Structures are given as C-alpha cells and as structure tokens.
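Colleague: Before we go through this together, could you show me the sequence and the model, so that I can ask how each label was earned?

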Amino acid sequence: RAFAPKVLGLSATSQNWKAATLVAAIAKQLDPEMIVITGGPHSSMAQHRVFECPDIDINVAGEGEAALLDILKALEDGRSLDTVKGISFRDKAGQIIITPPRGFIEDIDALPFPARAAPYVLKNYEKFPRMAFRSLFALRGCPYNCQFCGSRNIWSRKERFRSPANVVAEMKYLWESGVR
C-alpha cells in the first residue's frame, strides 16, 4: 500500500501459481487500477488458463526480459499492447488478445547478471538473504523433450549458450558478493 506501484510483475511456476493469484487479488484490492503482469514457467505453459484469474491483466509467454520492457514502454507511451510480441492481455472489453510470438534472445551474454540487477529492481532488496541470488544459468533451451519439464515451453529445444568467460564473470561476481 505504501509503495503504491502502478504495475506489478509476478513470476510463477505451476507449484506457486495459486500464491501468485492471491498476490494479484490483494494488489487489485489495494488499487483496482494497478496493472498486474504475470510471467514465468506457468504463464508460458498454461497461458490459455492464466486469465481464469480475473485479477491478471497481461501475461508474458516465453522469455520475459524484452517483453516486459516493451510492455512498460507501451503503457508509458499510451500505445496499444497489441504492438508487443509474446504476450496475451485482457482488453477494455474483457476479451483476451494473444499477440504473435516473440523471437528468442540470441546473445544471452548481453543479459545482466540477476544478482547485480536485483538491488535496482526489487523492493526491499536488503531484506533478501544473499543466498537468494546463488543460482545462475549457463544456457537457455534444452534439446530433450521430457514430459515432466516445461523448459521447452519457455526457452525451446534449441540451446543457446553463454560464453565461458561470461559464466565465470558471474561466478566471480557472486563470490565477491558473499554468495557461496
């Protein structure tokens, strides 16, 4: 309530989807005009069901970094969301609009290290335990088609590797930040 954001972004797996919908409902109770955006594994795998939650306005399917920036820019400029690829959204009439898919980020070395970006994008960052930022990815995509895994729905079956130098640089950054 004190922070009063205009936009709330929620990332969720299928295991914590119910919690994400509860957070969305609380956000809309506090401010019915707040725009709630979902993304993550569940949103990518079950995007046709995301809008069963009436408190969700926009859903990102697949990689979210560029899509989220495009959404925020469109909202800021007053442009229609149908210009943003890789999303679905509820229009003013309540209809669900699905935009064309977005291409994958080819140069994943260009993405910022999550732990380095966290202080700038997370409210109350200082309250997070350092170990909350200990994970890193060396690639996106997986050539396999395991039925229990949703990786193919988010990053496809085409592998895109980070350079070894980029992975080591992130490891060094984490180590120097106190993450073990």
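**Labels and their reasons**

Colleague: Why does Lys-28 count as buried?

Modeller: Lys-28 has a relative accessibility of 14%, and buried means under 20% relative accessible area, exposed over 50%, and partly exposed in between (1.4 Å probe, protein chains only), so Lys-28 counts as buried. Bear in mind that this is a predicted model, in which local features need pLDDT of at least 70 and side-chain atom pairs count only at pLDDT 80 or more, whereas totals for chains, interfaces and linings use all residues. Residues are numbered from 1 along each chain as its sequence is written, and side-chain values use heavy atoms, leaving out hydrogens and water.

Colleague: How do you know that Asp-57 and Lys-28 meet in a salt bridge?

Modeller: The distance from N to O between the side chains of Asp-57 and Lys-28 is 2.7 Å, and the rule asks for a side-chain nitrogen of Lys or Arg within 4 Å of a carboxyl oxygen of Asp or Glu. The pair is therefore called a salt bridge. Asp-57 lies in the loop between α2 and β3 (58-60), and Lys-28 belongs to helix α1 (residues 17-30), so the bridge ties together parts that are 29 residues apart in sequence. The element names come from DSSP runs, numbered from the N terminus: helices are H or I of at least four residues, and strands are E of at least two. Asp-57 is buried as well, with a relative accessible area of 18%.

Colleague: What makes the pair of Glu-63 and Arg-160 a link between distant parts of the chain?

Modeller: Glu-63 and Arg-160 form a salt bridge whose closest N and O atoms are 2.8 Å apart. The two residues are 97 residues apart along the chain, with Glu-63 in the loop between β3 and α3 (65-77) and Arg-160 in strand β7. Glu-63 counts as buried at 8% relative accessibility, and Arg-160 counts as buried at 4%. Glu-63 and Arg-160 also belong to a network of salt bridges together with Glu-65 and Arg-140. For Arg-160 there is a further neighbour to mention, since its C-alpha atom is separated by 7.9 Å from that of Asp-107, a residue 53 positions away along the chain.

Colleague: Why are Glu-76 and Lys-73 said to be separated by about one helical turn?

Modeller: Glu-76 and Lys-73 are three residues apart in helix α3, and that is why the separation is given as about one helical turn. Their side chains meet in a salt bridge at 3.7 Å, N to O. Here Glu-76 counts as exposed at 62% relative accessibility, while Lys-73, with a relative accessible area of 40%, is partly exposed. The count for the model comes to 11 salt bridges.

Colleague: How many aromatic pairs does the structure hold, and what makes the pair of Tyr-125 and Phe-133 tilted?

Modeller: The structure holds four aromatic pairs. Rings of Phe, Tyr and Trp (its six-membered ring) pair if their centres lie within 6.5 Å, with planes under 30 degrees apart called stacked, over 60 edge-to-face and the rest tilted. Tyr-125 and Phe-133 are 5.5 Å apart, centre to centre, with 40 degrees between the planes, and the pair is tilted. The rings of Phe-128 and Phe-133 have their centres 5.9 Å apart and their planes at 50 degrees, so this pair is tilted too. Ring pairs link Tyr-125, Phe-128 and Phe-133 into a cluster. Within that cluster Tyr-125 counts as buried at 17% relative accessibility and Phe-133 is buried at 11%, whereas Phe-128 is partly exposed at 37%.

Colleague: How do you know that the charged end of Arg-180 sits over the ring of Trp-175?

Modeller: The charged end of Arg-180 is 3.6 Å from the centre of the Trp-175 ring, and the rule requires NZ of Lys or CZ of Arg within 6 Å of the ring centre and within 35 degrees of the ring normal. Arg-116 likewise lies over the face of Tyr-173, at 4.5 Å from the ring centre.

Colleague: Why single out the phi of Ser-156?

Modeller: Most residues other than glycine have a negative phi. Ser-156 has a positive phi of about 75 degrees although it is not a glycine, and its place is in the loop between α5 (151-155) and β7 (160-161). Ser-156 counts as buried at 14% relative accessibility. Ala-4, in the segment before β1 (7-11), also has a positive phi, near 50 degrees.
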